[in-house]
Amino acid sequence: MSLALLLHSPRRLRFNPTEGFALALVVPALAMEAMFVFAPLVVGFWFSLHDVRYFNVGRFVGWDNYLAVLNSQLVVNSMIVTATFAALSLVITFSIGLSLALYLERDSRSAVLMRTIVLVPYVVSMLVGSLLLKWLLSQDSGVTQALLLPFGVSDFSILSDPKSAMGALVFNAIWRDSAFAMILLLAGLKSIPRELHLAARVDGASAWYRFKRLTLPMLKLPILITLIRLLMHFANSLTYPLILTAGGPMATTETTTLRIFRLGFSDYMLGRANALTFLTFILNVVLLIALVRVFQKNGKL
Amino acid sequence: MSDVSFRAVTKQYGAVTALHALDLDIKSGEFVSLLGPSGSGKTTTLNLLAGLVEADSGEISIGNRRVNDLPPDRRDIAMVFQNYALYPHLTVFENLAFPLKAKGRQFTSNQISKKVENVAQILGIEALLARYPKELSGGQQQRVALGRGMVRDPHVFLLDEPLSNLDARLRIRMRRDIKALHDRLGSTIVYVTHDQAEALTMSSRIAVFDGGALQQFASPVDIYNFPANMFVANFVGEREINFLHGTIADERFHGSGVTVPLGRSVDGFAIAADGATILGIRTEGVVAGVVAADRASAIVEQIEMIGPQVVLYVKVGSESISCIADPTIHFAKGAAVGLTFDLDKLHFFDPETQKALRKPNQSVWLS
Amino acid sequence: MHYRREIVLRKLLSFCVNVFIAVVALAPIVWGLSTSLKPTQKILSLPPEIIPSEITFVHYRTLIAQNMLTYVGNSMIVSLVTVMLCLTIGTVAAYSLSRFEFKGRSLVLLIIIAVMSIPIASLIVPSYTLMASIGLTDKLVGLIVLYTAYQLPIVIWIMYAYIGTIPREIDNAAMIDGYSRLASLRKVVLPLCGPGLIASGLFVLTFAWNDFVVAAVMITSDSVKTLPVAIYSFLGYFGREWGPLLASSMVSIIPVIAIFILFQRYFLSGMTGGSVKG
């Protein structure tokens, strides 16, 4: 019976050389992803379900690592820190990015130069960027003192006060990533046909009306993409808090990713570090879906 | 002897049948146009012949050699693409030399230069050899694309709507040039177009496609004068053909609001028992003239001056038809005119099958 | 002539805004550069000097004594090899995705998008776990394969978009002209991919050169430290000795800024993950 079927559909079973060639070209890339992205995730998940001391995978403990992590005061604190940091940074960075994009939209010579200037903090490595800000904001450099002196503040360390340290962290994010938001939004702005704006002007629409009724609706997808990329970036920030504030003072700027980093590479609790990684991962996905939902509610994308 | 042949070739894309059981024989040295609207299967036919897509079933051969399993580079064909597909990073000379430098073709650089210069001279592009494609006008790019095909003396020359990106005047001039080129080279040409005028002016034979099936394969004269079905009749020709629904009885065609006396010209047609027929007549088969008010049968709705003639759109009963008139006579909208049907230019179609009704002695065949 | 005054005012206002933006964006970098060129005793002096009254390269010389050349060399090796791997593997994959229909094609595209949206920070612990168990930590090759795996999706994405802009007829023409698939990829498609290759190459280059998080986790031995890891350990080693610390920072960022200014157009297209205009 099956043999008869085989004989009846020779075309379907014949190896298609073009298809084989096409697959051969993507296999190296897939192999890299499988070995160094997906395999780690599998191994990491395996670790998260076991009692791990350094690299000795002990007995299977089920969700114990996850429960332990969720019961940890430090982890809960880090989640609150991350939420605060991400929310503040997202709102401000996006607003500044959008303002910059609108302000520098025209291709005049000064606008092009300004775009280059605001992008410099973005191309510089995050490590060095945070290091430079750390130097600028440290008491050693004397810059903040010089700036704060007129306000009658003489001995204040920005990085050792919980509130101002969080402020500094958010400033770091804004300083580096506003230009990134600007570029993504600028690409969106440029793809709006000029004729639409011209037509709206001919129809007598004011600048504000055109922004509200033309630019924003047509920018919906670029805005969503920008928000997603910024949110993922801020919700998983490691370098900023590690370098600028080292999570301090008193863990008030210790983000979840920094907590994972310390769990893994200071405490060598790889089981828990992996567990927290996957918890964060799931939170990321939930956040993403929520964001997309909000956008879908406000009309079709 | 047939040079290119398709035997029951079928191609599907998913659930869509792009080409259904095509049989086609092209003789050596023929200029064959594949004519049809988009999605009719003409481009699929060309791509199958070029080897750019694989046939699901059937057999394709070039010069008596089965080519189904040969990749394009081993089919001994040349092709000119709609957008020319010139290599933007190569000069005109390098573009023309490109096919000669392919693996397995042993030409010395001297031979290559000679062949390239020869082709450039035939096409009148010697002065452009050092330029890059983007520095050329549309017409010049077109010539380079043709030259790149010619330089190899291919067995079959495939052209995929090569004139569609040119402006109207240049297109008409290039038609002549391509035809002259064919006369000079004598190679087999398969030419895809959706422009019926191009197909009529250049081809030795035209294959009309619709809905993935070959509708008719005949000389331009036969295609125009003896369309095999309503589709061919309507697709070929500058304007849409007039179709009038009615019946034939007493040597007359009775349509809605119009009666055409047919005399003996209707003899021998295989008309259905109830006499139901569709009468097809091209614009130039109906002449409008000024007649006495009581003999007028049509009302003028639109007037189009096209140069040598005037085309009138007139209302006859409930039907609207196009006809020609003497341009020296002034017609006004709403005027009543009389119509004369040229009996030699009438076509009759079966309303059921949409196929042409043929006289027994007519040799035109349905593919 | 009312509107004339308005134009002048507008210009003045936008000039002031521009200066403000430029100062905020560049001040930390300029301040770091200026500090790295000051003698140690002047660095902590109050009030701070913005333009150093005395320029010295002593901190840069200190760096050389601290193995700086090894770190720079390591960073260069890792960056260049990563770029080459990414471009080779990525371009052929992008070509295949752009030119062929095959079973699993949409799955491959899905995988690419999925990996692009996984934050690297959430990969480091699992990656460390795996790399340690197969003995690839503390090796340059370990960094190279990880960077390649992380950056391949974006390279494929950029090249996929770019090859999509090259008409298919061009490769069809080459095949009809007598070239095989592979030969037409090499002779026709690849030479036309220049801008896409530059854009994605620069993207990978800056990533690999700048990366600190992955390298900090994977690398411990001094001989295989890349520049950012070295800077991070200087942070502990020099403590509040800002001179050498900032000098090493400058060594790290000046090449990137220079390349960015030279190839700005390609940078932008890499960031937006697609088409290169012009």
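# A guided tour of the predicted model

At 54% relative accessibility, A:Asp107 counts as exposed, and this residue of the predicted model is a convenient place to begin.

**Stop 1: the charged cluster in chain A**

Please select A:Asp107 together with A:Arg115 and display the side chains. The two meet in a salt bridge, with 2.7 Å from N to O. The partners differ in their surroundings: A:Asp107 is exposed, at 54% relative accessibility, whereas A:Arg115 has a value of 10% and therefore counts as buried.

Next, add A:Lys190 to the selection. The side chain of A:Lys190 also forms a salt bridge with that of A:Asp107, the N to O distance being 2.9 Å. A:Lys190 belongs to helix α9 (residues 162-190) of chain A, while A:Asp107 sits in the loop between α5 (73-103) and α6 (109-123) of chain A, so this pair ties together parts that are 83 residues apart in sequence. With a relative accessibility of 38%, A:Lys190 is classed as partly exposed. Viewed together, A:Asp107, A:Arg115 and A:Lys190 are linked in a network of salt bridges.

**Stop 2: another salt bridge in chain A**

Move to A:Arg262 and A:Glu254. Their side chains are joined by a salt bridge of 2.8 Å, N to O. Is each partner buried or partly exposed? A:Arg262 is partly exposed, because its relative accessible area is 21% and the buried class requires a value under 20%. A:Glu254, at 4% relative accessibility, counts as buried. Over all chains, the count of salt bridges by this rule comes to 21.

**Stop 3: the interface of chain C and chain A**

Colour chain C and chain A separately and bring their contact into view. The contact involves 80 residues of chain C and 75 residues of chain A. Between them the two chains bury about 6,900 Å², of which 81% lies on carbon and sulfur atoms. To see where chain C loses the most area to chain A, select C:Val125, C:Trp242 and C:Met271; together they account for 10% of what that side buries.

How many salt bridges cross this interface? The rule finds one. Select A:Glu19 and C:Lys103 to display a salt bridge in which the closest N and O atoms are 3.1 Å apart. Polar contacts across the interface of chain C and chain A amount to ten residue pairs, both members being at pLDDT 80 or more. Now highlight helix α1 (residues 2-36) of chain C, which supplies 13 residues, the largest share of the side of chain C that touches chain A. Sorted by class, that side of chain C has 62 nonpolar, 14 polar and four charged residues.

**Stop 4: C:Phe267**

Remain in chain C and select C:Phe267, located in helix α14 (residues 264-271) of chain C. A relative accessibility of 7% is the reason why C:Phe267 counts as buried. Which residues are in contact with C:Phe267, leaving aside its neighbours within four places in sequence? They are A:Val123 from chain A, and C:Leu202, C:Thr206, C:Ile259 and C:Phe260 from chain C. Display C:Ala199 as well: the C-alpha atoms of C:Ala199 and C:Phe267 are 5.9 Å apart, although the residues are separated by 68 places in sequence.

**Stop 5: a buried lysine in chain B**

Go to chain B and select B:Lys11 in strand β1 (residues 2-13). B:Lys11 counts as buried because its relative accessibility is 10%. A polar atom of the B:Lys11 side chain lies 2.9 Å from the backbone oxygen of B:Glu54. Beyond its neighbours within four places in sequence, B:Lys11 is in contact with several residues, including B:Val16, B:Leu19, B:Thr44, B:Leu48, B:Glu54 and B:Asp56.

**Stop 6: three strands of chain B**

Finish with strand β17 (residues 310-316) of chain B, where five of the seven residues are buried. In a regular strand, side chains alternate between the two faces of the sheet.

On one side, select strand β16 (residues 298-305) of chain B, which runs antiparallel to β17(B) and is joined to β17(B) by six bridges. B:Gln302 stands opposite B:Tyr313 in β17(B). The hairpin of β16(B) and β17(B) has four residues between the strands, and B:Gly307 there adopts a positive phi near 110°.

Then add strand β18 (residues 319-325) of chain B, also antiparallel to β17(B), with seven bridges between the two. B:Val310 has B:Ala325 in β18(B) as its bridge partner. Two residues separate the strands of the hairpin formed by β17(B) and β18(B), and B:Gly317 in the turn has a positive phi of about 60°.

Note on methods
Residues are numbered from 1 along each chain as its sequence is written. Chains are lettered from A and ligands numbered from 1 in the order in which they are written. This is a predicted model: local features need pLDDT of at least 70, side-chain atom pairs count only at pLDDT 80 or more; totals for chains, interfaces and linings use all residues. Side-chain values use heavy atoms; hydrogens and water are left out. Buried means under 20% relative accessible area, exposed over 50%, partly exposed in between (1.4 Å probe, protein chains only). Two strands pair if DSSP finds at least two bridges between them. Contact means heavy atoms within 4.5 Å. Buried area is the accessible area (1.4 Å probe) that two parts lose on being put together, summed over both. A salt bridge is a side-chain nitrogen of Lys or Arg within 4 Å of a carboxyl oxygen of Asp or Glu. A polar contact is a pair of N or O atoms within 3.5 Å; within protein, one must be able to donate a hydrogen and the other to accept it, and residues adjacent in sequence count only if both atoms are side-chain atoms. Ala, Val, Leu, Ile, Met, Phe, Trp, Tyr, Cys and Pro count as nonpolar, Asp, Glu, Lys and Arg as charged, and the others, Gly among them, as polar.
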